[in-house]
Amino acid sequence: MSEKAPSGRRGEEVQKAEREAARQRLLQQAEADRIPAEDTTRAVPDRRWRRGQQ
């Protein structure tokens with residue numbers, strides 16, 4: 001049992017691995033949802049809010 005880390009240290013290692021796995025999942029999801037700049041169109045301002053001000 002000399003090769004294993006103490007139980008408290010093992011818990012920290014497990015948490016670190018889980019955080020890294022969650023980080024990787026978030027990065028993969030963000031990359032999947034990303035829209036390349038070439039595929040976007042120029043934003044058109046929404047001027048509907050000015051209708052009642054003229």
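Which residue forms a salt bridge with Glu 13, the closest N and O atoms being 3.8 Å apart? The partner is Arg 10, as the second view shows.

**View 1. The protein chain as a whole.** This is a predicted model, in which local features need pLDDT of at least 70, side-chain atom pairs count only at pLDDT 80 or more, and totals for chains, interfaces and linings use all residues. Residues are numbered from 1 along each chain as its sequence is written, and side-chain values use heavy atoms, with hydrogens and water left out. The protein chain has 1 helix and 0 strands (DSSP runs of H or I with at least four residues, and of E with at least two, numbered from the N terminus). Of its 54 residues, 0% count as buried (under 20% relative accessible area, with exposed over 50% and partly exposed in between, for a 1.4 Å probe and protein chains only).

**View 2. Glu 13 and its two arginine partners in helix α1.** Glu 13 forms a salt bridge with Arg 10 (a side-chain nitrogen of Lys or Arg within 4 Å of a carboxyl oxygen of Asp or Glu). Both residues lie in helix α1, 3 residues apart, about one turn of the helix. Glu 13 also pairs with Arg 9, where the closest N and O atoms are 4.0 Å apart; these two residues are 4 residues apart in helix α1, which covers residues 7-33. Glu 13 is partly exposed, at 35% relative accessible area.

**View 3. The salt bridge of Arg 34 and Glu 31.** The closest N and O atoms of this pair are 3.4 Å apart. Arg 34 is partly exposed at 48% relative accessibility, and Glu 31 is partly exposed with a relative accessible area of 48%.
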